[in-house]
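Here is a friendly walk through one protein model. Have the sequence and the 3D view open, and follow the contacts as they come up.

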Amino acid sequence: MANTWPEVQLAASENRRELTLHGQEISRRIKESGIDEGLFDLSLLNFLDISKTCLSDVGSGVGLLTNLTDLVLHNNNLTSVPNEITKLTLLKLLDVSNNQITSFPEDISSLTNLQTLNVSMNKLTEFPAVGDLGALHIFNISHNQMEELPEGIFSSSLVHLSKIIGNDNVITELSGDIVDLAHLNTLDLSNNKLLEVPSEMSECAKLKELNLKGNKFKDRRFGKMVDQCGTKSVLDYLATQLKKEREQAGKKGKGKKKKGGKKEQAEVEDIIKNMINILHFAGAAEAGCTVQLKPAVLSVRQYIVCCIVRELDFQQSVNLFKNFITLQTKLHDGVCQKRQAATIATHDLKSVKRPLTYEAMFPHDLKIVPLFKKKEVTGEKLVADLRKEAEDYRREKKRNTLSGIHQYLDLLKDKVQYPCLLDGEGDVISFPPITNSDKTKISKETTELFIEVTSSMSLDVCKKAMDELLLKMLELGCGARASKGGGDEASARPEADNSSPKRLVVEQVRILDSDTSMKVVYPSRADLPYDSIDVIRSYDD
């Protein structure tokens, strides 16, 4: 029998309602002797979080924890979810994301209080019916192998369902019954195998965020709109199609239909023309910007891509700079998977001294002036101080969940060296995934950015995050406006016309190996694969 874990003993002695078990030490115990079965005697628990371990089987005992309202089992090695989980009828949140799950209980209709269900980043090819989950608000099944959304997902009984996240699957069709979801606010089916979507979607009255990018639609005009236009324009186009379909079904006069069809087509073409984004890549200067990788960082956080963005104007509108900061937060939560996949850092280019070096340093050797601070600290002290702040917060709030920078500390756990980006003066300007240096902080007055994306997963992850950041910056209108003809003469803000195309000037940065041979350049011809934008490339690579 496994030894009793001190965390389980303490929770039992204090009649705790919450228990969090994370990290390497917990993983070691599970590997050696399995999970402490005494955990399942903690019948008062409302919140249980077992994450970032080697746990491959949660066990049938979980069904005894009938007072659970929150069960978090993300970032483990689970291959299935036990049937006993259906006994947890008080559950409001179930998160089993980022595992290896291939199977789920066949019937989850007993989970009638479930509000948030996250099964993303697994290996699911099918999922049980969800039509009886009347309290469901958020359903995330992204990054799986689903060919269709689960049965009942568009049931009119799901009166609270507001968010469906199903991106990065192999979904081939979408039912017109989606219109029955009266409170659907967000739908993400990007990067699937959709060829068309039902025009009835235009009647989803509360749908404000729609992402269908990365699908190869038969209607190429619609595909263009999906890539380059906002949700409202896409839904307006679908509404036009729905009207035509209903007119045809009513057998109205062919001449009138034909005339109307031409007018509608012209209107759609006009929308596309007015919203074309011209992304211009400026050729790098003779002594272009480079980042050299040092051997030590290859075993810590080895992947990095960088670029320079010029001719920015964050003062075009009152909230533009604030929206740009919010954009980075959203990307960190989304495509960067809460910084577990990648971390984005932005610097004011005028404060960046070249050449740059991507290095790994021992915590006591790494020295940085953290963002919005004035005093230099070592990486060792910075992380120790943040851990203390996190622990004080837990005690004060009597909660185990963290927010802000504190939630990323586990990403450095057990690291012997920390990754960092050094400038030409030897100063650390970035300490991913924790903070940037105050030396290169950006402001509303910033007109040129140096951007880095780092990852320990893959180079593709870095590039995908950078692609998305640049596309969203373009959509926000962070760059100076181009003329309607695409020329440079209208890029100054006073003459800019809000009806003219948006424009972003991006310059390549090269990543070099330790022997100074080129490892990667961004953006290359293979990057920014968006048909919706004109990419004017003024370089050879």
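With which residue does R310 form a salt bridge, and how far apart are the closest N and O atoms? The partner of R310 is E507, and the closest N and O atoms of the two are 2.8 Å apart. Please keep in mind that this is a predicted model.

## Salt bridges

R310 belongs to strand β12 (residues 303-310) and E507 to strand β21 (residues 502-512), so their contact ties together parts of the chain that are 197 residues apart in sequence. E507 has 4% relative accessibility and therefore counts as buried, the cut-off being under 20%.

Across the whole structure, a search finds 24 salt bridges. One of them is formed by E203 and R246, whose side chains meet at 3.0 Å, N to O. This pair also links distant parts of the chain: E203 is in the loop between β8 and β9, while R246 is in helix α4 (residues 231-249), and the two are 43 residues apart. E203, with a relative accessible area of 37%, is partly exposed. R246 is partly exposed too, at 48% relative accessibility.

Another salt bridge joins R16 and E14, with 2.9 Å between the closest N and O atoms. R16 counts as partly exposed at 37% relative accessibility, and E14 is partly exposed with a relative accessible area of 43%.

The three pairs described so far are set side by side here.

| Salt bridge | N to O distance |
|---|---|
| R310 and E507 | 2.8 Å |
| E203 and R246 | 3.0 Å |
| R16 and E14 | 2.9 Å |

Salt bridges can also share partners, and in this way E7, E25, R28, R29 and E32 are joined into one network. R29 has a further contact to look at: its charged end sits over the ring of W5, 5.4 Å from the ring centre.

## The parallel sheet

Next, turn to the strands. An open sheet is formed by 9 strands, in the order β1-β2-β3-β4-β5-β6-β7-β8-β9, and the pairing is parallel. Why does one side of β1 and of β9 lack a neighbour in the sheet? β1 (18-22) and β9 (209-211) stand at the edges, and each has a single partner strand, so one side of each is left without a neighbour. From one strand to the next, the twist averages 5°.

At the β9 edge, the partner is easy to follow in the view. Strand β8 (residues 186-188) pairs with β9 in the parallel sense, over 3 bridges. T186 has E209 in β9 as its bridge partner. The loop between β8 and β9 is also where E203, the salt-bridge partner of R246, is found.

## Two hairpins

Further along the chain, strand β17 (residues 418-422) and strand β18 (residues 428-431) run antiparallel and are joined by 2 bridges. L422 has V428 in β18 as its bridge partner. The hairpin of β17 and β18 has 5 residues between the strands, and G426 in this hairpin takes a positive phi near 85°.

β18 also takes part in a second hairpin, which joins it to β19 through 3 residues. Strand β19 (residues 435-436) runs antiparallel to β18, and 2 bridges join the two. Here F431 has T435 in β19 as its bridge partner.

## Aromatic rings

How many aromatic pairs does a search of the whole structure find? The search finds 7 aromatic pairs. One of them brings us back to the first hairpin: Y418 and F431 form a stacked pair, 5.2 Å centre to centre, with 25° between the planes. Y418 is in strand β17 and F431 in strand β18, 13 residues apart, and the pair links distant parts of the chain. Are these two residues buried or exposed? Both Y418 and F431 are buried.

Elsewhere, F104, F127 and F139 are linked into a cluster by ring pairs.

## Cysteines

A search of the whole structure finds 0 disulfides. Two cysteines can still be placed by their accessibility. C229 is buried, with a relative accessible area of 10%. C420 is buried as well, with a relative accessible area of 0%.

Note on methods. Residues are numbered from 1 along each chain as its sequence is written. This is a predicted model: local features need pLDDT of at least 70, side-chain atom pairs count only at pLDDT 80 or more; totals for chains, interfaces and linings use all residues. Side-chain values use heavy atoms; hydrogens and water are left out. Two strands pair if DSSP finds at least two bridges between them. Helices (H or I, at least four residues) and strands (E, at least two) are DSSP runs, numbered from the N terminus. Rings of Phe, Tyr and Trp (its six-membered ring) pair if their centres lie within 6.5 Å; planes under 30 degrees apart count as stacked, over 60 as edge-to-face and the rest as tilted. Buried means under 20% relative accessible area, exposed over 50%, partly exposed in between (1.4 Å probe, protein chains only). A charge sits over a ring if NZ of Lys or CZ of Arg is within 6 Å of the ring centre and within 35 degrees of the ring normal. Axes are lines fitted to C-alpha atoms, for helices over the stretch in contact, and angles run from 0 to 180 degrees between N-to-C directions. A salt bridge is a side-chain nitrogen of Lys or Arg within 4 Å of a carboxyl oxygen of Asp or Glu. A disulfide is a pair of cysteine sulfur atoms within 2.5 Å.
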